[in-house]
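Visitor: I am new to this structure and would like a close look at a single part. Please take one strand and go through its surroundings, then add what helps to place it.

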Amino acid sequence: MKLYVILRQWWRSLKYLALLLGTLLAVTIPNSISPVAIAQQPFEEIRGVWMTNNDTSTLIDRDKMQAAVSQLARLHFNTIYPVVWNSGYAQYDSNVARQTGIQTFVRKGLQGQDPLADLAATAHRQGLLVVPWFEFGFMTPPTSELALQHPNWLTQKRDGSKTSIDVAGEVVWLNPFHPEVQQFITALVREVVTKYDVDGIQFDDHMSLPREFGYDKYTVALYKKETKRSPAHPGDAAWMRWRADKITAFMTQLNQTVKQSKPKAIFAVAPNYYDFAYKFHLQDWLAWVRNGIVDELIVQVYRPELQSFLQQLARPEIQEVQQKIPTGIGILTGLRNDPVPMQRIQAQVRATRDRGLGVAFFFYQSLWDYAPEPSEQRQSYFQALFRSPASRIASARAAAIEEPILQP
């Protein structure tokens, strides 16, 4: 046993030295040949893309979906993150949503298929992982059936107001500390990982709570009961820590639910950089990683300036996490009204990979459609970035086969 521990420590040291050497080479070798100066990856490299509501026509039209998956496979992508929870509605055929009374319709594809099941089967045949993306987390529009039918599930600010302005517009927030909210979210997540042949589940920066919230009657009473104090101002250190720890406890329970349902499922998180995530959204994702409940991390770094982008890559928590789990950087490839030039994307991808990190692009449609360059030219650039395959699906699915669930 002692020899095993020594060998394991020796192997980790070798991987760290390889990564460090690769990083030093990447700094000293000119950008013109940077594709051959990629740092040693301690884990399989993430090459992912989010499929959002903007990609609905791709997700629900079988021909478009199959063409998209084939295209991604040809360009050596290896992971797709399709949206399954957005705007207070399940983006898949959900019995949980119907039973909760927030969604009466059945989401089907144009050919009558189940889009998520169809995508998973198609992607697996092409060698890609499918990790459904739980986009809105605790956030929902105030006009959604979820918010209107369950007002007691919503939390509020100190002044009693319940809305905030997000990139999605005006939103309200489900109370992460309310047991009924936790049961609802848990049921949705369990449904996705058990009903579908998917490879995991991903949560992003909305699996959190803006620090201005938490002043609803339920949460205030719970805080008083446990601490013998009343909540102070939103930035009070003790009040922030209590709420962040409660979210961490729920994420731990959620991880256990996922692993009980599918032991080898990837429990993935795609947050903002740590200081912002904790200080402003009570999302202590570094603790989640250190506690062993995160299997994959992608940090969103949507910065137009390369220097600012590089500063985020150099943050110590990124360097810490990439030694423990597969780690990537979320890169913006464009929005409907804000296309991103390929030159910026190339520079950011090369800088990311030079540091031994994977990448995930936001979002599929903007890879080559919402773009300043012609679609064919954009695709050729991506092909040049990823010259050889980086498979993840073989080991992920083999592990699931090697360690079957033992029946009592």
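Guide: What follows starts with one strand, E11, and then turns to other parts of the chain. This is a predicted model, in which local features need pLDDT of at least 70 and side-chain atom pairs count only at pLDDT 80 or more, while totals for chains, interfaces and linings use all residues. Residues are numbered from 1 along each chain as its sequence is written, and side-chain values use heavy atoms, with hydrogens and water left out.

Strand E11 covers residues 266-270, and five of its five residues are buried. Buried means under 20% relative accessible area, exposed over 50%, and partly exposed in between, with a 1.4 Å probe and protein chains only. Helices (H or I, at least four residues) and strands (E, at least two) are DSSP runs, numbered from the N terminus. Both faces of E11 are covered: Ile266, Ala268 and Ala270 are buried on one side, and Phe267 and Val269 on the other.

E11 pairs with strand E10 (residues 200-204) in the parallel sense, over five bridges. Two strands pair if DSSP finds at least two bridges between them. In this pairing Asp204 stands opposite Ala270 of E11. E11 also pairs with strand E12 (residues 296-300), again in the parallel sense, over two bridges. There, Val269 stands opposite Leu297 of E12. Strands of a sheet pair through backbone hydrogen bonds, either parallel or antiparallel.

An antiparallel case is found elsewhere in the chain: three strands form an open sheet in the order E7-E9-E8. Its edge strands are E7 (139-140) and E8 (163-166), each pairing on one side only. E8 and E9 (residues 169-173) pair over four bridges in the antiparallel sense, and Thr163 stands opposite Val172 in E9.

Burial also appears in a helix. In H12 (residues 306-313), Phe309, Gln312 and Leu313 are buried. Seen down the axis of H12, the buried residues fall within an arc of 105°, so they line one face of the helix; the arc is that of the directions from the helix axis to the C-beta atoms. Helix H13 (316-321), strand E13 (327-332) and helix H14 (342-354) are among what covers these buried residues by contact, meaning heavy atoms within 4.5 Å.

As for the whole chain, the secondary structure comes to 17 helices and 16 strands. Of its 408 residues, 53% count as buried.
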